[in-house]
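User: I should like to work through this structure feature by feature. For each feature, please give the general idea and then the case at hand.

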Amino acid sequence: MKIRFRQSGGFAGLTKVAQVDSDGVPDDEAGRLKTMVDEALVEAVPDAQPALPDEEQYHIEIDCAARCETILVARSSVPGRLRPLIDYLEARAGYEKR
């Protein structure tokens, strides 16, 4: 499973990105990652609404053998089951160079 994450917006307008490949992480972490993805995809993510001014937005692309999903959500609209995955990806993200 491969995940591409992009966090944009916010007051400073900085962008953070991360890419995670489950083949490149320890087995226990890969298992937790799979669980977070499964949980995140169980709950319907609301259609992307225009973000509030200076609100962060998350763009997540999940590619796996069984399915491919794209999630676009504003910080204020993040469903509860998606939060652990976003927290995991934010912790691994770095600022994108301009």
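Analyst: The discussion below takes the sheet, the helices, one loop residue and the cysteines in turn. This is a predicted model, in which local features need pLDDT of at least 70, side-chain atom pairs count only at pLDDT 80 or more, and totals for chains, interfaces and linings use all residues. Residues are numbered from 1 along each chain as its sequence is written, and side-chain values use heavy atoms, with hydrogens and water left out.

User: In what order do the five strands of the open sheet lie?

Analyst: Strands (E, at least two residues) and helices (H or I, at least four) are DSSP runs numbered from the N terminus, and two strands pair if DSSP finds at least two bridges between them. Here the order is β4-β3-β1-β2-β5, with antiparallel pairing. At the edges stand β4 (68-74) and β5 (94-95); each has a single partner strand, so one side of each lacks a neighbour in the sheet.

User: How many bridges join β1 to β2, and which residue of β2 stands opposite Arg4?

Analyst: β1 and β2 are joined in the antiparallel sense by six bridges, and Arg4 faces Gln19 of β2. Between β1 (residues 2-8) and β3 (residues 57-63) there are seven bridges, again antiparallel; Ile3 has Ile62 of β3 as its bridge partner. The antiparallel pairing of β2 with β5 rests on two bridges, and Val17 is partnered by Gly94 in β5.

User: Which side chains of β2 are buried, and which are not?

Analyst: In a regular strand the side chains alternate between the two faces of the sheet. Buried means under 20% relative accessible area, exposed over 50%, and partly exposed in between (1.4 Å probe, protein chains only). In β2, Lys16, Ala18 and Val20 point to one face and are buried, whereas Val17, Gln19 and Asp21 point to the other and are not.

User: At what angle do α1 and α2 pack, and which residues make the contact?

Analyst: Axes are lines fitted to C-alpha atoms, for helices over the stretch in contact, and angles run from 0 to 180 degrees between N-to-C directions. Under 35 degrees counts as roughly parallel, over 145 as roughly antiparallel, 65 to 115 as roughly perpendicular, and the rest as oblique. Helix α1 (residues 27-42) and helix α2 (residues 83-92) pack at about 130°, their axes 8 Å apart; they are therefore oblique to each other. The contact (heavy atoms within 4.5 Å) is made by Glu29, Leu33, Met36, Val37 and Ala40 of α1 with Pro84, Leu85, Tyr88 and Arg92 of α2.

User: Which residues of α2 are buried, and what covers them?

Analyst: The buried residues of α2 are Leu85, Ile86, Tyr88, Leu89 and Glu90. Their cover includes β1, β2, α1, β3 and β4.

User: Is Ser22 buried or exposed?

Analyst: Ser22, in the loop between β2 and α1, is buried, with a relative accessible area of 13%. Apart from neighbours within four places in sequence, Ser22 is in contact with Met1, Ala30 and Leu33.

User: How many disulfides does a search of the whole structure find?

Analyst: A disulfide is a pair of cysteine sulfur atoms within 2.5 Å; the search finds zero. The sulfur of Cys64 has its closest cysteine sulfur in Cys68, 6.5 Å away, which is too far for a bond. Cys64 is partly exposed at 29% relative accessibility, while Cys68 is exposed at 54%.
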